[in-house]
Amino acid sequence: MEIRVLRYFITIMQVGNITQAARQLHISQPALSRQIMDLEEEIGNPLFIRGHRQLHPTQAAYYLYQQAEEIIGLTDKTLGRLKSHDVVSGRLDIGSGESEAVAPVMAAVGEIVQEYPAVQVKLHSGDADSMFTRLDTGLLEFGIIMGHYNLRKYNTLSLPGKNRWGVIMRATDPLAQKKAIQPQDLVDRLLLTSVQTREQDAFRSWAGEMLNQFRFVGSYNLIYNAYLLVKNSSCVAFTYDHLLNTTAVDGLTYRPLAGMQPDENTLIWRKNQPLPNVGNLFLDKLQKQLQKENKQ
């Protein structure tokens with residue numbers, strides 16, 4: 001399986017048409033079709049159902065597309081590091097969940113992209129498990145972990161601010177009359193939570209025996225999607241404070257979880273793994289940004 005052919009395949013998946021993909025790749029349509037048929041023969045599965053002027057990806061195509069993007073991303077990152085030497089260039093990959101504590105990180109990143117035009121930044125959204133996996137495979141230089149985890153295998157840098165857990169609901173919900181939410185308040189309610197929240201020990205400790213009576217009807221990766229469901233249903237969604245401006249969002253309000261310990265924010269990167277020049281620059285910029293904020 002050649003990297004070049006994987007790039008061809010990714011382009012076809014993105015544009016959805018082999019003729020347009022061929023034009024974009026500057027190769028002939030028959031040559032591109034032949035390359036894809038050879039790839040299908042190599043993997044032993046059809047990648048597309050071919051219709052009139054349209055390609056319909058199979059399940060194998062969707063799986064290969066996800067894997068191919070990671071393979072190409074790691075390949076490009078490796079080549080960029082090998083070519084860069086002492087030049088500050090290449091791509092900086094940072095993974096994080098949603099939190100206002102990410103602000104100083106973004107400030108440091110903003111300085112880099114302004115000062116070094118050759119640097120590209122890719123921000124990855126995801127939960128802690130996806131951060132660990134991508135860090136360990138080299139797809140990320142840095143990850144921002146929220147909550148309490150065993151981080152002994154990583155270098156760490158604590159970020160300021162705490163993430164306070166609560167729920168968003170309709171402003172007309174009876175729960176909105178409470179200043180803070182107790183576990184018993186959520187029994188038999190339709191609940192949405194982030195993928196990792198319900199697995200955290202802190203959340204399980206807060207919910208206690210009531211956890212078995214919670215009705216989790218769905219999970220989310222991005223809070224805005226959960227907000228839309230809450231807005232249009234009787235669901236209640238767990239989230240950090242300040243991710244949604246509920247004073248301006250029509251018809252919704254936020255209430256904290258009573259007694260729930262806030263989550264910490266930690267920047268992590270692999271131990272015993274040399275960082276590229278742009279990674280070291282990022283750490284330097286971030287530490288200066290944190291020092292500046294501490295003095296304010």
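In this predicted model, strand 5 (residues 142–146) pairs with strand 12 (residues 263–270) in the antiparallel sense. The pairing runs over 4 bridges. Within this ladder, Ile-144 has Leu-267 of strand 12 as its bridge partner.

Strand 5 also pairs with strand 3 (residues 90–96). Here the sense is parallel, and the pairing comprises 3 bridges. Gly-95 stands opposite Gly-143 of strand 5.

The burial of strand 5 was examined next. The strand is mostly covered, with 5 of its 5 residues buried. In a regular strand, side chains alternate between the two faces of the sheet. In strand 5, both faces are covered. One side carries Phe-142, Ile-144 and Met-146, all buried. The other side carries Gly-143 and Ile-145, which are buried as well. Ile-144, the bridge partner of Leu-267, thus belongs to the side with Phe-142 and Met-146. Gly-143, set opposite Gly-95, lies on the side with Ile-145.

A helix pair was also analysed. Two packed helices are described by the angle and the distance between their axes. For helix 2 (residues 18–25) and helix 3 (residues 29–43), the axes come within 9 Å. They cross at roughly 105°. This value lies in the 65 to 115 degree range, so helix 2 is roughly perpendicular to helix 3.

On the helix 2 side, the contact involves Ile-18, Thr-19, Ala-21, Ala-22 and Leu-25. Helix 3 contributes Gln-29, Leu-32 and Ser-33. By class, the contact residues divide into 5 nonpolar and 3 polar. No charged residue takes part in this contact.

Note on methods
Residues are numbered from 1 along each chain as its sequence is written. This is a predicted model: local features need pLDDT of at least 70, side-chain atom pairs count only at pLDDT 80 or more; totals for chains, interfaces and linings use all residues. Side-chain values use heavy atoms; hydrogens and water are left out. Axes are lines fitted to C-alpha atoms, for helices over the stretch in contact, and angles run from 0 to 180 degrees between N-to-C directions. Helices (H or I, at least four residues) and strands (E, at least two) are DSSP runs, numbered from the N terminus. Angles under 35 degrees count as roughly parallel, over 145 as roughly antiparallel, 65 to 115 as roughly perpendicular and the rest as oblique. Contact means heavy atoms within 4.5 Å. Ala, Val, Leu, Ile, Met, Phe, Trp, Tyr, Cys and Pro count as nonpolar, Asp, Glu, Lys and Arg as charged, and the others, Gly among them, as polar. Buried means under 20% relative accessible area, exposed over 50%, partly exposed in between (1.4 Å probe, protein chains only). Two strands pair if DSSP finds at least two bridges between them.
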